[in-house]
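Trainee: Please take me through one part of this model closely, and show how the rest of the chain is arranged around that part.

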Amino acid sequence: MEQIRNILRPRRKFIIVCIVVTAVIAGLLSLTQPLKYSAAVRLLITQRATFTLDPYTAIRSSELIAENLAQLTQTSSFFERVLQSGYKINAQYFSGTEQRRRRLWEKTVNADSVRGTGLLKITAYHPDRSEAVKIVSAMSLLLSTQGSEYIGRDLIVRLVDAPLPSRFPVKPNIPLNMLAGGMLGFLLGSGRVWIEHRRKRHHGALI
């Protein structure tokens with residue numbers, strides 16, 4: 001490790017320039033993407049027959065169902081139901097080829113089960129904050145009323161956290177992207193210095 005530091009230290013200004021340049025480029029690229037707000041809800045998944053199960057099995061069963069419902073939200077059939085749910089979601093936002101519509105839907109919504117709880121968190125991302133709220137509201141309604149049609153079990157899906165929109169855009173995450181760009185710049189700069197060092201050593205320029 002000390003040897004690597006000794007090799008990189010004389011070229012630290014070059015490495016710093018690489019870090020700054022890649023961080024700035026990452027920030028500028030982030031600004032070219034549309035800013036998106038988020039809205040999130042949480043649903044509690046339970047079963048009417050849980051009284052016949054021990055607590056661990058009941059929680060594990062609810063967790064598996066939540067995971068299945070999370071996968072369900074990515075399907076095209078569920079997407080179509082969301083658009084037709086009556087929340088007057090702007091369908092023009094998802095216009096285009098079927099491939100584009102599905103790809104955009106997958107980027108718009110995210111569903112994750114909270115391990116060990118039976119909770120399902122659903123988040124929608126959209127340039128319009130109100131549209132994000134509409135989408136998660138429609139999704140929570142459909143899962144509450146029609147979830148058993150997909151899973152085939154006697155489910156109870158309760159809304160435990162109402163839609164909560166973000167105050168500011170959350171995508172793209174410019175600080176995180178710039179940090180990742182800076183790390184990439186460090187790796188590229190350090191790699192360049194190391195390659196030059198090995199090349200000089202190979203040609204006898206270093207003893």
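Mentor: A definition comes before the layout: helices here are DSSP runs of H or I with at least four residues, strands are runs of E with at least two, and both are numbered from the N terminus. On that basis, the pattern along the sequence is α-α-β-α-α-α-β-β-α-β-α, with 7 helices and 4 strands in the protein. The model is predicted. Of the 207 residues in the protein, 34% are buried. Among contacts between residues at least 6 apart in sequence, 77% join residues at least 24 apart.

The part I would look at is β3, residues 119–126, together with what pairs with this strand and what packs on it. β3 belongs to an open sheet of 4 strands in the order β2-β3-β1-β4, paired in the antiparallel sense. β2 and β4 are the edge strands with a single partner each, so one side of each has no neighbour in the sheet. On average, and with direction ignored, neighbouring strands of the sheet are turned by 20 degrees against each other. As for what holds such an arrangement together, strands of a sheet pair through backbone hydrogen bonds.

Take the two partners of β3 in turn. With β1 (37–47), β3 pairs over 8 bridges, antiparallel. Two positions help to locate this pairing in the viewer: Tyr37 stands opposite His126, and Ala40 has Thr123 as its bridge partner. With β2 (109–114), β3 is joined by 6 bridges, again antiparallel. Here Ser113 is the bridge partner of Leu120. β2 and β3 form a hairpin with 4 residues between them, and Gly116 in the turn has a positive phi of about 80 degrees.

The hairpin also meets a helix. Glu63, in α3 (residues 55–72), touches Ser113, Arg115, Gly116 and Gly118, leaving out residues up to four places away in sequence. Is Glu63 buried or exposed? The cut-off for buried is under 20% relative accessible area, and Glu63 has 5%, so Glu63 counts as buried.

β3 itself is mostly covered, with 7 of its 8 residues buried. Helices account for part of that surrounding structure. α5 lies across β2 and β3, at about 45 degrees to β2. α6 (129–151) lies across β1, β2, β3 and β4, and runs at about 145 degrees to β3.

α5 (residues 98–108) has a buried side made up of Arg101, Leu104, Trp105 and Thr108. Seen down the helix axis, these buried residues fall within an arc of 105 degrees, so they line one face of α5. The general background is that an α-helix has 3.6 residues a turn, so residues three or four places apart point the same way. Gln99 and Lys107, on the other side of α5, are exposed. The cover over the buried residues of α5 includes β2 and β3, along with α4 (76–83) and α6.

These pieces meet in the largest nonpolar core, which has 32 residues; Trp105, Leu120 and Ile122 are those with the most contacts inside it. At least two residues of this core come from each of β1, α3, α4, α5, β2, β3, α6 and β4 (155–165). α6 supplies the largest share, 7 residues.

Ile122 is a useful residue to select in the viewer. Setting aside neighbours within four places in sequence, Ile122 contacts Ala39, Ala40, Val41, Leu43, Asn110, Ala111, Val136, Met139 and Leu143. Among these contacts, Ala40 is also the bridge partner of Thr123.

Two backbone details lie in loops elsewhere in the chain. Lys88, in the loop between α4 and α5, has a positive phi near 55 degrees although this residue is not glycine. Lys88 counts as exposed, at 72% relative accessibility. A cis peptide bond joins Lys171 and Pro172, with omega about -5 degrees; Pro172 is in the loop between β4 and α7 (174–202).

To put β3 back in context: the strand pairs with β1 over 8 bridges and with β2 over 6, and has 7 of its 8 residues buried. As for the outside, the protein exposes about 12800 Å², of which carbon and sulfur atoms supply 59%.

Note on methods:
Residues are numbered from 1 along each chain as its sequence is written. This is a predicted model: local features need pLDDT of at least 70, side-chain atom pairs count only at pLDDT 80 or more; totals for chains, interfaces and linings use all residues. Side-chain values use heavy atoms; hydrogens and water are left out. Buried means under 20% relative accessible area, exposed over 50%, partly exposed in between (1.4 Å probe, protein chains only). The arc is that of the directions from the helix axis to the C-beta atoms. Contact means heavy atoms within 4.5 Å. A nonpolar core is a set of buried Ala, Val, Leu, Ile, Met, Phe, Trp, Tyr and Cys residues joined through side-chain atoms within 4.5 Å. Two strands pair if DSSP finds at least two bridges between them. Axes are lines fitted to C-alpha atoms, for helices over the stretch in contact, and angles run from 0 to 180 degrees between N-to-C directions. Accessible areas come from the Shrake-Rupley method with a 1.4 Å probe; for residues, only the protein chains shown count as cover.
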